Every structure is written in C-alpha cells, then in structure tokens.
Amino acid sequence: MKFTNLVLLLLTIPSLSFAADQAGYYRMWQGFRKSTVSSREFQRQLPGFMQSTVDVYGGVLNQYLVAVPPADKPSFVPDEFALVALDSEDAYQRIRGTPEGKAYGESHWQLFDRSNSSSAPYENFFPLQPRTLKSGQAYDMIGRPVNWNQGLTTFYIGLRKGSESFLTRLSNHVRDVAHSFHGKGLRGYLVIANENYEAAYMNWDSKEDMQAAFASPEGKAIAADAGEFMEALQWSEAEDFNGSSVATGRFYSTGRLIP
C-alpha cells in the first residue's frame with residue numbers, strides 16, 4: 001500500500017481531541033532502509049511515514065520521537081530509531097488490530113528491510129537488580145509513567161569501544177545513571193542494548209536540571225565511565241518536526257502534531 005493510500009485510509013479514523021497525558025508503554029523501533037531505497041529517497045519519504053504514525057495512533061499517543069543517525073554511521077547502526085510512547089499496551093494492541101493499524105504495519109516495508117528492522121522487545125529494568133542487559137532488548141530504567149511532552153528529551157548513541165564485555169559494562173553503567181540522576185531531574189530513561197552500541201532516550205525536568213546533574217561529581221564520573229567503553233556517535237536534543245523534512249544526525253519530536 002502506497003503512503004498516499006494509507007493517508008486516505010487513516011482519514012476514516014474517528015478524530016480524537018487530545019493526546020495521552022502520560023506514556024506507560026513503549027515501542028522502540030530500529031529501522032534499516034531497504035537496499036532498493038537510496039539514502040536521499042529514504043529521507044524524502046520518512047516525513048510522510050512519520051505523519052502516518054501520528055495519525056494512526058491518535059489520542060492514545062503521548063509522544064513520537066524519531067532519530068536519524070549521522071550519515072557516516074557504521075552499517076550495523078539502524079537508519080532510523082523511533083520511540084512510540086503510548087498510553088498502554090492494550091491501546092497499542094487494539095489499534096494494531098484494526099484495518100488502519102494493519103495497513104500501517106505493512107507500510108513499514110516500503111522503506112525498511114523486513115529482515116532486520118523491528119521494535120526491540122521491551123521490559124522494565126526497575127527495580128535495579130544486578131543483571132546483565134540482553135542484546136536486542138529495550139529497557140525502561142525508571143519504570144514509571146512519563147509525559148514525554150514535558151521538559152527536555154535527548155537521544156544518544158554510544159558505539160562499543162575496546163574488547164571487554166560490552167553488555168556487562170553497559171549494565172553497570174545504565175544502572176548507575178538511573179540511580180544517580182533519578183530524583184535529580186531525570187524523569188524518563190529508556191535504553192536499547194546491543195552488542196555493538198547503546199541507544200538511549202532521556203527525559204529531564206529541564207535543560208538546567210540536566211546540566212546540573214552532569215556537572216555534579218557523580219555526573220562527571222558517569223561521563224568518564226561512558227568514555228572508557230563507548231564512543232559517542234550521536235547526542236541530540238529533540239527539536240520540533242516541521243512535518244516535511246528530516247536530516248541525518250538529528251532528533252525530532254512530533255508532539256505538536258499529535259491531536
């Protein structure tokens with residue numbers, strides 16, 4: 001189904017007047033573009049797909065955040081990361097079971113490679129138990145509902161550096177981040193673990209709180225620890241999506257488009 005046909009189908013969905021106040025369930029997508037779709041064409045078509053995502057989830061959507069990694073990324077890093085922050089899993093399943101939801105699901109494969117693009121399985125890591133993250137798994141490190149439309153949201157990709165056990169080191173690192181920063185401005189913290197990289201979404205009360213947290217002795221120690229085993233590929237603050245274009249190395253919020 002072409003995007004234009006999908007948009008016409010989505011117009012049949014009853015209008016909802018407001019977005020979900022908080023997110024209690026997440027879909028953390030990692031998408032690799034199809035080999036038959038050029039980088040330029042991918043960036044041209046992605047905005048239409050983003051609008052379709054907002055349209056199909058309507059009032060159960062709290063936020064939809066999209067990151068497009070830098071053009072010089074390694075091949076094992078996806079071409080797009082997306083956080084779909086929803087009211088609940090039940091709401092997600094209900095929508096995906098509708099004809100509009102099924103059409104939206106199939107529309108992914110116009111842009112993305114079906115063989116290696118998917119949403120990472122998601123679970124709460126809270127309470128912070130001593131365990132090792134699993135590759136390909138997504139984790140909620142705070143474990144509480146969050147309004148991702150408030151405060152400051154950032155996105156980070158850290159690439160594996162060195163030969164030590166990356167996932168073991170990453171497990172300790174993200175646990176320390178959650179323990180040190182929660183209650184000091186950090187409201188939401190979602191992590192995708194991979195054998196070669198970490199992708200992390202953070203929501204802060206404000207930019208000032210984030211800056212104060214990282215300027216503290218604990219924050220400096222956390223930054224130093226990250227630098228020992230990861231190389232930063234991307235760190236971006238969310239910017240409003242203009243509805244028509246995206247660029248590499250950027251991170252977009254669609255909050256103002258959500259009804």
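Here are legends for a handful of close-up views of this predicted model.

**View 1. The whole chain, before zooming in.**
Seven helices and a dozen strands would be one way to say it; in digits, the chain has 7 helices and 12 strands. Its radius of gyration comes out at 18 Å, close to the 18 Å that the globule rule gives for 259 residues, so the chain is as compact as a globular protein of that length. Laid along its principal axes, the C-alpha trace spans about 55 × 40 × 30 Å. Buried residues make up 51% of the 259. Take the contacts between residues at least 6 apart in sequence, and 76% of them join residues at least 24 apart.

**View 2. The largest nonpolar core.**
This one is built from 30 residues, and the ones with the most contacts inside it are Leu46, Met50, Tyr57, Tyr64, Leu86 and Phe112. At least two residues each come from β1 (25-31), α2 (39-57), β2 (61-68), β3 (80-86) and α3 (89-96). Helix α2 gives the most, with 7 residues. Apart from this core lies another, of 27 residues, with Tyr139, Leu167, Val177 and Phe229 among them. As background, nonpolar side chains in soluble globular proteins tend to be buried together.

**View 3. Helix α2, end to end.**
With 19 residues, α2 reaches 27 Å from its first C-alpha to its last, close to the 27 Å expected at 1.5 Å a residue. There is still a bend of about 30° at leucine 46, and proline 47 follows within four residues. Plenty of side chains to pick out here: the buried residues of α2 include Phe42, Leu46, Pro47, Phe49 and Met50, and further along the helix Ser52, Thr53, Val54, Val56 and Tyr57 are buried too. Just after α2, glycine 58 takes a positive phi of about 45°.

**View 4. Around tyrosine 57.**
Tyrosine 57 is one of the residues with the most contacts inside the largest core. Skip its neighbours within four places in sequence, and tyrosine 57 is in contact with Val84, Leu86, Tyr92, Ile95, Arg96 and Tyr104. Tyrosine 57 itself is buried.

**View 5. A buried salt bridge between two helices.**
Searching the whole structure turns up 11 salt bridges. In this one, the side chains of aspartate 225 and arginine 169 meet at 2.8 Å, N to O. Aspartate 225 sits in helix α7 (residues 217-229) and arginine 169 in helix α5 (residues 166-181), so the pair ties together parts that are 56 residues apart in sequence. Both partners, aspartate 225 and arginine 169, are buried.

**View 6. A salt bridge between two strands.**
Here the side chains of arginine 250 and glutamate 239 meet in a salt bridge at 2.7 Å, N to O. Arginine 250 belongs to strand β12 (residues 250-253) and glutamate 239 to strand β11 (residues 239-240), so this pair ties together parts that are 11 residues apart in sequence. Arginine 250 counts as partly exposed, at 36% relative accessibility. Glutamate 239 also counts as partly exposed, at 26%.

**View 7. A salt-bridge network, plus one further pair.**
Salt bridges that share partners join Glu164, Arg169, Asp225 and Glu228 into one network. The further pair is glutamate 106 and arginine 114, whose side chains meet in a salt bridge at 3.5 Å, N to O. In general, side chains of opposite charge can pair when their charged atoms come close.

Methods:
Residues numbered from 1 in each chain as written. Predicted model: local features only at pLDDT ≥ 70, side-chain atom pairs only at ≥ 80, totals over all residues. Heavy atoms only, no water. Core = buried A, V, L, I, M, F, W, Y, C linked by side-chain atoms within 4.5 Å. Buried < 20%, exposed > 50% of the residue type's maximum accessible area, 1.4 Å probe, protein only. Contact = heavy atoms within 4.5 Å. Expected span 1.5 Å × (residues − 1). Bend = angle between axes of the 7 residues up to and from the residue. Salt bridge = Lys/Arg side-chain N within 4 Å of Asp/Glu carboxyl O. Rg over C-alpha atoms; globule rule 2.2 N^0.38 Å.
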